[in-house]
Amino acid sequence: LGRLRKVVSTKGRVKFAIMGIHPLLYFFREYLIRKGFALSTTGEADFALVGGLAGWNPSQWDRSNLPILLLSDDSMYSDRDFDFKVRDKVPMCEDDAIFIPSPLDPSVGGTLNYLLAENWFLEHNKTMVLRIFGVYGPAIKTGLVHTCTQSIKDGNTPKVYSPGYQIRTYLHQDDLLNLFSSMLTKFLGGTTGIYNVGSSEEVSIKRLVDSIWNAHGHKNKELETCWVPMSYRWWVIPDLTRTKAVAKFWRENTTLRTGLWKCRA
């Protein structure tokens, strides 16, 4: 007997292509598919979801008018001033300058890849850039929350850069997907530009790790720290003004404490 092949029609469905590399590229791809979007080739797609870290080919887009939803991240921001000193802690705006300390810095490669991708697509295509700050959740297998959670589950003590009082923000995956959905709707309606994606709830890395310990039923342990590189950022906080102006009805609903409890399983 011949094998039956089920064919799913894409008629009437919004089609999208994917390309590139980004820690959340396939997380968002699966979300789009669950929402009824059809995965397609670039030649048939209505838009492309592109990971800006690497893996995209500029020559492929030379004659393409395909709208681009580009995934970038918070490495596009510095916490330093023109003298390379830590500046006053204020939310990071989309038009802030970026300072690269040295071509030998380990983080420079990723930053330059995102910078090149943003520059290319904003110049050549109708593009919305999502600069994604710290995110976490049961389905997100990247970032400090995931690393610390996995370390604790394995019976180890998480190790972070000294002294542990650096400030970060973390957005739960439920709020992330709600925001992504709102921004996607605007993008499909023609909105372009650069937008921060993140949380406004600030937390020190030390308090974050303590909270993860507590969520897993352990008492706080002495934080293990290691030497911090000179270029390591002391604070990373998104300015969400432009984002909230576009996603008018979006609000964060999951506090960090509640979200960490959801990550226990």
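In this predicted model, alanine 17 stands opposite alanine 48 in strand 3. This pair belongs to the contact between strand 1 and strand 3 (residues 47-52), two strands that run parallel and are joined by six bridges. Strand 1 spans residues 15-21. Five of its seven residues are buried, and the strand is thus described as mostly covered.

Strand 1 also pairs with strand 2 (residues 38-39). The sense is again parallel, with two bridges. Lysine 15 stands opposite alanine 38 in strand 2. Phenylalanine 16 has leucine 39 of strand 2 as its bridge partner. Helix 1 (residues 25-34) belongs to the connection between these strands: strand 1, helix 1 and strand 2 form a β-α-β unit, and the unit is right-handed.

These pairings are part of an open sheet. Six strands make up the sheet, in the order 2-1-3-4-5-10, with parallel pairing. Strand 2 and strand 10 (193-197) are the edge strands, and each pairs on one side only. Helix 2 (residues 108-124) packs on this sheet. The helix touches strand 3, strand 4 (68-73), strand 5 (127-132) and strand 10. The direction of helix 2 makes about 155° with that of strand 4.

Two further helices were examined for burial. In helix 3 (144-153), the buried residues are Val145, Cys148, Thr149, Ser151 and Ile152. Seen down the axis of helix 3, these residues fall within an arc of 160°, so they line one face of the helix. An α-helix has 3.6 residues a turn, so residues three or four places apart point the same way. The cover over the buried residues of helix 3 includes strand 6 (135-136), helix 5 and helix 7. Glycine 155 follows helix 3, and its phi is positive, near 85°.

Helix 5 covers residues 205-215. Its buried residues are Ile205, Leu208, Val209, Asp210, Ile212, Trp213 and Ala215. Among the elements that cover them are helix 3 and helix 7 (256-262). Strand 7 (159-161), strand 8 (167-169) and strand 11 (202-204) also contribute to this cover. Helix 5 thus helps to cover the buried residues of helix 3, and helix 3 helps to cover those of helix 5. Helix 7 appears in the cover of helix 3 and in that of helix 5. After helix 5 comes glycine 217, with a positive phi near 80°.

Methods. Residues are numbered from 1 along each chain as its sequence is written. This is a predicted model: local features need pLDDT of at least 70, side-chain atom pairs count only at pLDDT 80 or more; totals for chains, interfaces and linings use all residues. Side-chain values use heavy atoms; hydrogens and water are left out. Buried means under 20% relative accessible area, exposed over 50%, partly exposed in between (1.4 Å probe, protein chains only). Helices (H or I, at least four residues) and strands (E, at least two) are DSSP runs, numbered from the N terminus. Two strands pair if DSSP finds at least two bridges between them. A crossover is right-handed if, with the strands pointing away from the viewer, the path from the first strand over the helix to the second runs clockwise. Contact means heavy atoms within 4.5 Å. Axes are lines fitted to C-alpha atoms, for helices over the stretch in contact, and angles run from 0 to 180 degrees between N-to-C directions. The arc is that of the directions from the helix axis to the C-beta atoms.
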